Amino acid sequence: MVERFLRYVKYDTQSAENSPTYPSTEKQKELGRQLAYELRELSLQDASIDGYGYVTATLPANIQRTTPTIGFIAHMDTSPEVSGRDVKPQIHENYSGNDIILPGDNTQILRASENPELAKKTGNGIITSDGTTLLGADDKAGVAEIVDAVHYLTTHPEVEHGRIKVAFTPDEEVGKGVEHFDTRKFGAQYAYTLDGETLGEVENETFSADSVQVTFRGVPFHPGYALGRLVNSIKIASTFVEKLPKDRDSPETTEKMEGYVHPYIIQGGVESTRVKFIIRDFEDDGLRRREETLRGIAEETVRIYPKSNFTLETEESYRNMKHVLDKYPEVVEKATVAVRMAGLQPKLHSIRGGTDGARLCYMGLPTPNLATGGHNFHSKLEWISIQDMKKAAEIIVNLVKLWSKAAE
Ligand SMILES: [Zn+2]
């Protein structure tokens, strides 16, 4: 598995924001073609990559009774935030517990004091980049772990299993991982993404998310003759932003189960200025309340500027996957049992963000997220323990065993 992982991270599969193509970068397909080839080598006959870059394959059941078809999904792309080109993975054997100075850039230091999970891994083999790029454990660790679990199942025919589906997807990091994914064609009843961090965590809850655009309109006028006539929308929007809560309801002032409103783009001129927000809450009601709060502040603002007005448009991004997963409790329950079978303490975890699984849940495929063992995603200080990768693959095999006993 380590050999596979080291090979996968050397493929530059960085995705790109605002690309007109799908996948957003063509180079992701190079790894996709390689993975399809490797899955066929593992005797998953139908392994293939489609025009969107989705790699899918089927491991047929080796039992007669009908059990649910279970999918395992990981993403091939890496974050646009940090380069994933010429990744030079470093293996730190038998980790001592000290800080790790990355050899390609000695200002990149993985400090045990700042990485409590790392501090627990003394004696493990730790993989990092050389400090000049990200590592790509997010999510090539998930990919390698799934391939490894499939390899185990194909070389251990005595392990009973139902029909298993595998999918590797592009463009997760730009929020489009499942945009063209055909859940019906995929044919799994339930699935698991492997895209989380600390081993043992089972992520069954995400934010619910919308984007909101507030557009202010003023009255443009020649500035030389504008007395009493000009209403400048830049000033309206500035007043509006100034009135936003500062000590609460913001990403920088919230944690755990608290939601927020977050302006992230402001664009405009004298005539009109728009402020774009993402809004987040674990409850859908909370999301609506936040939208109304923004509307209230916008109303208050335009009252200060005569002849100005605003429009507020909301677009749904994704919804908390817990609403769906709660209807199929055995999906998360089996994940916690599989973790326990691997000798670890399962922990349900909520994500202050979304996952492809959250979207899949609303596309008819209930999909919680499992940990890969990777840490410090989207950073040059990304790391993963070899022992944790093996455990993650073991958890996948445990899940397969558990589902082989389930009635369809
Ligand atoms: Zn990821």
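This section describes the zinc site, the two largest pockets and one helix of a predicted model.

The zinc ion is held by protein donors from His 75 (NE2), Asp 138 (OD) and Asp 195, the last of which is listed with two OD atoms, and these donors lie 1.9 to 2.7 Å from the metal. The angles among the four donor atoms run from 52 to 147°, and the site is accordingly classed as irregular. A site with four donors would count as tetrahedral if all angles lay between 85 and 135 degrees. Along the chain, the donor residues follow the spacing H-x62-D-x56-D. Because His 75 belongs to strand β3 (residues 70-75) whereas Asp 138 belongs to helix α4 (residues 137-155), this pair ties together parts of the chain that are 63 residues apart in sequence. Both of these donor residues are withdrawn from the surface by the criterion of under 20% relative accessible area: His 75 is buried at a relative accessible area of 2%, and Asp 138 is likewise counted as buried, at 6%.

The largest pocket encloses about 1,500 Å³ of space. Its lining comprises 47 residues, and those nearest the centre of the pocket are Glu 173, Gly 175, Arg 280, Tyr 318 and Gly 354. At least two lining residues are supplied by each of the strands β9 (190-196), β10 (201-206), β12 (260-268), β13 (272-281), β14 (309-318) and β15 (347-351), and also by helix α10 (356-362). Of these elements, β15 gives the most to the lining, with three residues. In terms of residue class, the lining of the largest pocket is made up of 18 charged, 17 polar and twelve nonpolar residues.

The second largest pocket contains about 260 Å³ of space. It is lined by 13 residues, of which Asp 50, Tyr 54, Thr 56, Lys 185 and Phe 186 are the closest to its centre. The elements that contribute two or more residues to this lining are β1 (48-49) and α5 (183-186). By class, the lining of the second largest pocket has five charged, five nonpolar and three polar residues.

Helix α6 (residues 233-242) was examined for the distribution of its buried and exposed positions. The buried residues of α6 are Ser 233, Ile 236, Ala 237, Thr 239 and Phe 240. These residues span an arc of only 160° around the helix axis, and they therefore lie on the same side of α6. Lys 235 and Glu 242, by contrast, are exposed on the other side of the helix.

Notes: Residues numbered from 1 in each chain as written. Predicted model: local features only at pLDDT ≥ 70, side-chain atom pairs only at ≥ 80, totals over all residues. Heavy atoms only, no water. Donors = N, O, S within 2.8 Å, 3.2 Å for Na, K, Ca; no water. Tetrahedral: all angles 85-135°; square planar, octahedral: opposite > 155°, others 65-115°. Helix = DSSP H or I, 4+ residues; strand = E, 2+ residues; numbered from the N terminus. Buried < 20%, exposed > 50% of the residue type's maximum accessible area, 1.4 Å probe, protein only. 1 Å grid on protein atoms, 1.4 Å probe; cavity = no way out; pocket = protein on both sides within 12 Å on 5 of 7 lines; lining within 4 Å. Points joined across faces, edges and corners; volume = space filled by probe spheres on them. Nonpolar A, V, L, I, M, F, W, Y, C, P; charged D, E, K, R; others polar. Arc of directions from axis to C-beta.
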